[in-house]
Amino acid sequence: MSTVDVIVVGGGNAGFSAAHAATESGKKVVLLERGTQGSAGGNSYYTAGATRIAHAGFDDLKGVVEADDRHDVSTVPPYSEEEYLADLVKVTEGRTNMEMARTLVEESAGALRWLNGLGVRYRLMYERQSYAREDGTYLFWGGLHVGNVDGGVGLINDHTAVAERLGTRVVYGARVQTLIEAEGAVVGLTYTTEDGAEHELRAKSVVLAAGGFESNAEMREQYLGEGWGKAKVRGTPYNVGDMLKAAEKLGAARGGDWSTCHSIQWDSEAENNESNRQFTNRLSRQSYPFGIIVNREGDRFLDEGADFRNYTYAKYGREILRQPGSVAWQIFDAELRPMLRVEEYEMPGIGEHIADTIELLAKSTGLPAAALSRTVADFNESIDRSVTFDPTVKDGRKADVQPPKSNWAAPIETAPFYAYPVTCGITFTFGGLRGDLDGRVLREDGTPITGLFTCGEMLGGLFSGNYPGGSGLAAGMVFGRRAGVAAARHAGE
């Protein structure tokens, strides 16, 4: 048995943020990561690295983003704290914890600058959050402008390098399942390593940053509902709810919405379409606002252009899951095809069907030809072509069908035609533990469990039903930093 000041469980963005903060506070920190060095990083590794922060425009970001030749011809609109908070309230339909939401909004920029100062690199996300205009300039949109250099892979590599420089010990292949309690306080834990050996580690503070339960099919069916066992796990296979269960055994209360999650449209035909560390986020299919989505019966079933992708993508996986066979197809024509994200729609081995007619496209996909042809024809005829198509704003170019398409309605009429099969890819669950703003884990009566802290996806309360894109990584660094500081402070008392 050995003893340290602070133990952090989980080596994703939130866990590393907590570890950095505790180490900077002068404490001896050990981070336990269930993945091996070849499978580490939690869900953060699988992200594109998008991080939503409030800022005052490009001049405000110059000090934190990497240099790029396109900066001089780019427009980056400000994204105020008021807009950020309004977006959180809107997409969660008012179910976000307002204290947590305000803390996230107010501290997001400062937390990013803190990580950048430690060595975590950021850039403007041209390929995901901007459009090139005809005059050669770029316009950013949707409030989400900054991301990690080299995406989630770069984020974890940078975090790992920072931890090494700061002197944090990282133990890989460590599965924690039991917390040790003495006289009402958490004083350590036990874990097993790959060789089957059991270890005991003592500390004055333990920070749980081990994610939700999205990788546990049984728990998905239990809490998210029937059919969720069929969802594809986009990220780490290790988030099976071990630490949620361990904390609950000590009396921890549940926090947030355990009945919903972050889920997106995910390639249903690509080989190895779960926890794919080669393609990570690139099996997403996120250009859907420009085309139409049909189910196995050839019918549309949602408003593809309800809002910017950043505000709808995390809930549309759920809508796909509800369709017959839990599959759907994104449909585009030759005019729209060049607008699709290169990193998602142009790589070998993906699900892609191309045909010279809608009827042949139906044959290739197995969709009913008459129904698909009728859906496309009705959609094309209903478009308000008096409005100019503009992907940089909510242009109001509507298709007046049921369900309507509120923006970016473009006809599907120029051959060849393209279909991309999608299913539900689950990212993370919104329910977690109840905690205060410093991550202290709380009991049902609101009292803290002494010595136990949480952050990241394990801290419930921010999201319900949906979330604004990039706010997950932002929450990880904000509340990870807070939990790390609080854990270090407790260890020093």
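A residue is called buried when its relative accessible area is under 20%. By that cut-off, Cys-424 counts as buried in this predicted model, with a relative accessibility of 0%. Cys-261 is buried as well, at 2% relative accessibility. How far is the sulfur of Cys-261 from the closest cysteine sulfur? The closest one belongs to Cys-424, and the separation is 6.2 Å, which is too far for a bond. A disulfide needs two cysteine sulfur atoms within 2.5 Å, and a search of the whole structure finds zero disulfides. Seen from the other side, Cys-424 is in no disulfide, and its nearest cysteine sulfur is that of Cys-261.

Two small groups of strands can be followed next. One is an open sheet of three strands with mixed pairing, in the order E4-E7-E6. Its edge strands are E4, covering residues 74-75, and E6, covering residues 130-132, and each of these pairs on one side only. Strand E7, residues 138-140, runs parallel to E4 and is joined to E4 by two bridges. Within this pair, Thr-75 stands opposite Leu-139 of E7.

The other group is also an open sheet of three strands, ordered E3-E8-E5, and here the pairing is antiparallel. Which strands stand at the edges? They are E3 (50-51) and E5 (122-124); each has a single partner strand, so one side of each is left without a neighbour in the sheet. E5 and strand E8 (residues 146-148) run antiparallel and are joined by three bridges. One residue of this pair to look for is Tyr-122, whose bridge partner in E8 is Asn-148.

Strand E8 also leads on to a residue with an unusual backbone angle to look up. Asp-150 lies in the loop between E8 and helix H6 (151-166). Its phi is positive, at about 65 degrees, although Asp-150 is not a glycine. Is Asp-150 buried or exposed? With a relative accessible area of 55%, Asp-150 is exposed, because the cut-off for that class is over 50%. Glu-93 likewise has a positive phi without being a glycine, with a value near 55 degrees. Glu-93 sits in the loop between helix H3 (81-91) and helix H4 (98-118), and its relative accessible area of 61% makes Glu-93 exposed.

Strand E6 returns in the description of the largest pocket. This pocket has a volume of about 420 Å³. It is lined by 23 residues, and those closest to its centre are Glu-127, Ser-130, Tyr-131, Met-339 and Arg-341. Which elements give two or more residues to the lining? They are helix H5 (126-129), strand E6 and helix H10 (342-345).

Helix H12 offers a simple check of geometry. It holds 13 residues, 369-381, and at 1.5 Å a residue should span 18 Å. The C-alpha atoms at its ends are 18 Å apart, which agrees with that expectation. The buried residues of H12 are Ala-371, Leu-372, Ser-373, Thr-375, Val-376, Phe-379 and Asn-380. These buried residues pack against strand E16 (292-295) and helix H11 (358-365).

Beyond H12, the loop that runs to strand E19 (417-429) contains Pro-403, and Pro-416 is found in the loop between H12 and E19 too. Both prolines can be inspected for the peptide bond that precedes them. The bond from Gln-402 to Pro-403 is cis, with omega near -5 degrees. A cis peptide bond also joins Ala-415 and Pro-416, where omega is about -5 degrees.

A last stop is Ser-215, placed in the loop between strand E12 (198-208) and helix H7 (217-223). Ser-215 is buried, with a relative accessible area of 16%. What does Ser-215 contact, leaving aside its neighbours within four places in sequence? The contacts are with Arg-220, Val-233, Thr-236, Pro-237, Tyr-238, Asn-239 and Val-240. The C-alpha atom of Ser-215 is also separated by 9.5 Å from that of Ala-231, a residue 16 places away along the chain.

How values were computed. Residues are numbered from 1 along each chain as its sequence is written. This is a predicted model: local features need pLDDT of at least 70, side-chain atom pairs count only at pLDDT 80 or more; totals for chains, interfaces and linings use all residues. Side-chain values use heavy atoms; hydrogens and water are left out. Buried means under 20% relative accessible area, exposed over 50%, partly exposed in between (1.4 Å probe, protein chains only). Two strands pair if DSSP finds at least two bridges between them. Helices (H or I, at least four residues) and strands (E, at least two) are DSSP runs, numbered from the N terminus. The expected span of a helix is 1.5 Å times one less than its number of residues. Contact means heavy atoms within 4.5 Å. On a 1 Å grid over the protein atoms alone, a cavity is a set of points where a 1.4 Å probe fits but cannot get out, and a pocket is an open set with protein on both sides within 12 Å along at least five of seven lines; lining residues have an atom within 4 Å of a point. Grid points are joined across faces, edges and corners, and a volume is the space filled by probe spheres set on the points.
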